[in-house]
Each structure stands twice: as C-alpha cells, then as structure tokens.
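Student: I've got a fold in front of me and I'd like to talk it through. Can we go step by step, with you showing your reasoning?

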Amino acid sequence: MSRKPLYKVGDTVSFNTKSRDGRSVTVTGEIHVVDESGTFFQTKEPSYDIYAPDVIGGGEVSALYKHIPESWVFPPKGE
C-alpha cells in the first residue's frame, strides 16, 4: 500500500540517473504525473513522471522520465 505523495504536479525536483556513458548524474525537472499508488512494478510508494533534460541522449532535448520512485526524488540543490 502506498502513502500520500510528498510532491505534486508542477513541483521542481531532482533525482539521480545514469548518463549515456554510464556516469551517475543528478537531473532536475518538473513533475508532470503523480502515480499515488506507485506502478505495476512497485506499490509501496508513490512514483512520478518527471520532464527533465535528456542526459541519456546527450541533454540537447528534454525527456519524460517515467515511474521514478519517490525514494529516488529530492528537492533541487539550494532549496
């Protein structure tokens, strides 16, 4: 069972992912979808779809990162 989400649509958040060359990078973007019950893969916590720079494809465009678990999400640096 999932708990109430900490973030809402429109919030700016950060999370860590891997770049194209395998480096760990912090990405900052805007929440576009809140999955309050998690996803089919996990239902223990809310997850988010976050629109952010596409670090996997090189960063020139933005991408929608889907099903990011809440435990991976944190406030952007400086906030």
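**Salt bridges, sheet and core**

Tutor: Let's start with a charged residue: D21 is exposed, with a relative accessible area of 54%. Keep in mind that this is a predicted model.

Student: Which side chain does D21 meet in a salt bridge?

Tutor: The side chains come together with 2.9 Å from N to O. The cut-off for a salt bridge is 4 Å, so this pair counts. The partner of D21 is R23.

Student: How many salt bridges does a search of the whole structure find?

Tutor: Besides D21 with R23, there is D11 with K8, at 3.0 Å from N to O. K8 is exposed, with a relative accessible area of 54%. Then D49 and K66 meet at 2.9 Å, N to O. The search of the whole structure gives three.

Student: How many residues apart are D49 and K66?

Tutor: D49 sits in strand β3 and K66 in strand β4, so we need the separation along the chain between those strands. The pair links distant parts of the chain, and the separation is 17 residues.

Student: Is D49 buried or exposed?

Tutor: Its salt-bridge partner K66 is partly exposed, at 45% relative accessible area. For D49 the relative accessible area is 3%. Buried means under 20%, so D49 is buried.

Student: What about D35: which side chain of opposite charge is nearest to it?

Tutor: D35 is found in strand β2, and its contacts beyond four places in sequence are P46, S47, D49 and H67. D35 is buried yet has no salt bridge. The nearest side chain of opposite charge is 6.3 Å away, whereas a salt bridge needs 4 Å. That side chain belongs to K66.

Student: Now the sheet. In what order do the five strands lie?

Tutor: The sheet is open and its pairing is antiparallel. Its edge strands, each pairing on one side only, are β4 and β5. Reading across, the order is β4-β3-β2-β1-β5.

Student: How many bridges join β1 to β2?

Tutor: These two strands run antiparallel, and K18 stands opposite S24 in β2. They form a hairpin with five residues between them, and G22 in the turn has a positive phi of about 90 degrees. The number of bridges joining β1 to β2 is seven.

Student: Which residue in β3 does I31 stand opposite?

Tutor: Here we're looking at β2 and β3, which pair in the antiparallel sense over five bridges. Across from I31, in β3, is I50.

Student: And which residue in β5 does F15 stand opposite?

Tutor: That takes us to β1 and β5, which run antiparallel and are joined by two bridges. Facing F15 from β5 is V73.

Student: Which residues touch the most other members of the largest nonpolar core?

Tutor: That core has 13 residues, and the elements giving two or more of them are β1 (12–18), β2 (24–35), β3 (47–53) and β4 (62–69). Leaving aside neighbours within four places in sequence, V73 is in contact with Y7, V13, S14, F15, Y48, I50 and I68. The residues touching the most other members are I50, Y65 and V73.

Student: How many aromatic pairs does the structure hold?

Tutor: One is Y7 with Y48, whose ring centres are 5.9 Å apart with planes at 75 degrees, so that pair is edge-to-face. Y7 is buried at 17% relative accessible area, and Y48 counts as buried at 0%. Another is F15 with Y65, with centres 5.1 Å apart and planes at 70 degrees, so this pair is edge-to-face too. In total, the structure holds two.

Student: How many residues apart in sequence are the parts that F15 and Y65 tie together?

Tutor: F15 is buried, and so is Y65. F15 lies in strand β1 and Y65 in strand β4, so the pair ties together parts of the chain whose separation is 50 residues.

Student: Last one: how far apart in space are P76 and G29?

Tutor: P76 lies in the segment after β5 (73–74) and counts as buried, at 8% relative accessibility. Not counting residues up to four places away in sequence, P76 touches T12, V13, S14 and T28. P76 and G29 are 47 residues apart in sequence, but from C-alpha to C-alpha the distance is 8.8 Å.

Methods: Residues are numbered from 1 along each chain as its sequence is written. This is a predicted model: local features need pLDDT of at least 70, side-chain atom pairs count only at pLDDT 80 or more; totals for chains, interfaces and linings use all residues. Side-chain values use heavy atoms; hydrogens and water are left out. A nonpolar core is a set of buried Ala, Val, Leu, Ile, Met, Phe, Trp, Tyr and Cys residues joined through side-chain atoms within 4.5 Å. Buried means under 20% relative accessible area, exposed over 50%, partly exposed in between (1.4 Å probe, protein chains only). Helices (H or I, at least four residues) and strands (E, at least two) are DSSP runs, numbered from the N terminus. Contact means heavy atoms within 4.5 Å. Lys and Arg count as positive and Asp and Glu as negative; His and the chain ends are not counted. Rings of Phe, Tyr and Trp (its six-membered ring) pair if their centres lie within 6.5 Å; planes under 30 degrees apart count as stacked, over 60 as edge-to-face and the rest as tilted. Two strands pair if DSSP finds at least two bridges between them.
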